[in-house]
Amino acid sequence: MIGRLNHIAIVVPDLDAATALYRDTLGAQVSEPLRLDEHGVTTVFVDLANTRIELLHPLGANSPVARFLEKHPTGGMHHVCYEVEDISEAKNQMILNGARVLGSGEPTIGAHGKPVLFLHPADFCGTLIELEQA
Ligand code: CO
């Protein structure tokens with residue numbers, strides 16, 4: 001059911017340093033930092049030929065990635081995002097298949113303005129999965 005890999009999100013303790021690492025050391029195309037106040041993150045997009053990497057840094061006191069950084073002070077992979085054609089259908093299928101949908105269970109509007117939902121990492125080999133309606 002899942003389609004393309006949309007992005008991999010990496011939480012970083014120092015956004016400038018991480019941006020420089022991807023731009024200068026790895027030679028990748030990086031965006032300007034983008035404040036997403038409603039999502040509690042500042043993000044830099046790393047554009048690759050076949051997908052993108054999102055560098056995430058906490059923004060504000062209630063950032064959903066602040067606790068992650070407390071547990072993983074050097075940063076680390078936060079989630080992978082797969083595209084689906086229909087988010088409601090995907091949600092129903094996941095529940096039928098025994099996977100847990102996080103939060104209220106209802107899709108929300110994600111960082112790219114598209115409907116998303118998150119699946120419990122314990123059900124997927126320890127990896128937080130985001131499904132995004134493409
Ligand atoms: Co994401």
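Let's start with Ala111, which touches Leu36 and His39 once residues up to four places away in sequence are set aside. Keep in mind that everything here is read off a predicted model. Ala111 sits in the loop between strand 7 (108-109) and strand 8 (115-119). One of its two contacts, Leu36, is 75 residues away along the chain, yet the C-alpha atoms of Ala111 and Leu36 are separated by 7.2 Å. The residue is partly exposed, because its relative accessible area is 33%, and that value falls between the 20% and 50% cut-offs.

**The chain as a whole**

Stepping back, the protein chain has three helices and nine strands. Reading from the N terminus, the order is β-α-β-β-β-β-α-β-α-β-β-β. The C-alpha trace spans about 45 × 35 × 25 Å along its principal axes. What about the radius of gyration of the protein chain, and what would a compact globule have? The chain comes out at 15 Å, and a compact globule with 134 residues would be near 14 Å, so the two agree.

Of the 134 residues, 40% count as buried. Looking at contacts with a separation of 6 or more, 53% of them are made by residues 24 or more positions apart. The accessible surface of the chain is about 7700 Å², and carbon and sulfur atoms account for 52% of that. As for charge, there are 9 positive and 17 negative side chains, and the centres of the two sets lie 4 Å apart.

**The cobalt site**

Which residues are the protein donors of the cobalt ion? They are His7 (NE2), His79 (NE2) and Glu130 (OE), and they lie 2.0 to 2.1 Å from the metal. Along the chain the donors follow the spacing H-x71-H-x50-E. Within this set, His7 and Glu130 link distant parts of the chain: His7 belongs to strand 1 (residues 5-11), Glu130 belongs to strand 9 (residues 129-133), and 123 residues separate them. Are His7 and Glu130 buried or exposed? Both are buried.

Leu128 is worth a look here, since one of the residues it touches is the donor His79. Leu128 is found in the loop between strand 8 and strand 9. Leaving out residues up to four places away in sequence, Leu128 touches His78, His79, Val80, Leu102, Phe118, Leu119 and Pro121. Its relative accessible area is 15%, so Leu128 counts as buried, the cut-off for that class being under 20%. Leu96, in contrast to those contacts, lies 19 Å from Leu128, C-alpha to C-alpha, with their positions 32 residues apart in sequence.

**Other loop residues**

Cys125 is also in the loop between strand 8 and strand 9. Its backbone catches the eye: Cys125 has a positive phi of about 60 degrees although it is not a glycine. Is Cys125 buried or exposed? Cys125 counts as exposed, because its relative accessibility is 80%.

Glu38 belongs to the loop between strand 3 (34-36) and strand 4 (41-47). This residue is exposed, since its relative accessible area is 65%. The C-alpha atoms of Glu38 and Leu59, 21 residues apart along the chain, are separated by 9.4 Å.

His72 has its place in the loop between helix 2 (66-71) and strand 6 (76-84). At 36% relative accessibility, His72 counts as partly exposed. Its C-alpha atom is separated from that of Ala99 by 26 Å, and the pair is 27 residues apart along the chain.

Here are the C-alpha pairs from the loops, side by side:

| Pair | Apart along the chain | C-alpha separation |
|---|---|---|
| Ala111 and Leu36 | 75 residues | 7.2 Å |
| Glu38 and Leu59 | 21 residues | 9.4 Å |
| Leu128 and Leu96 | 32 residues | 19 Å |
| His72 and Ala99 | 27 residues | 26 Å |

Technical notes
Residues are numbered from 1 along each chain as its sequence is written. This is a predicted model: local features need pLDDT of at least 70, side-chain atom pairs count only at pLDDT 80 or more; totals for chains, interfaces and linings use all residues. Side-chain values use heavy atoms; hydrogens and water are left out. Helices (H or I, at least four residues) and strands (E, at least two) are DSSP runs, numbered from the N terminus. Buried means under 20% relative accessible area, exposed over 50%, partly exposed in between (1.4 Å probe, protein chains only). Contact means heavy atoms within 4.5 Å. Donors are N, O and S atoms within 2.8 Å of the metal (3.2 Å for Na, K and Ca); water is not among the atoms, so sites may look incomplete. The radius of gyration is taken over C-alpha atoms; the globule rule is 2.2 Å times the number of residues to the power 0.38. Accessible areas come from the Shrake-Rupley method with a 1.4 Å probe; for residues, only the protein chains shown count as cover. Lys and Arg count as positive and Asp and Glu as negative; His and the chain ends are not counted. The place of a charge is taken as NZ of Lys, CZ of Arg, CG of Asp or CD of Glu.
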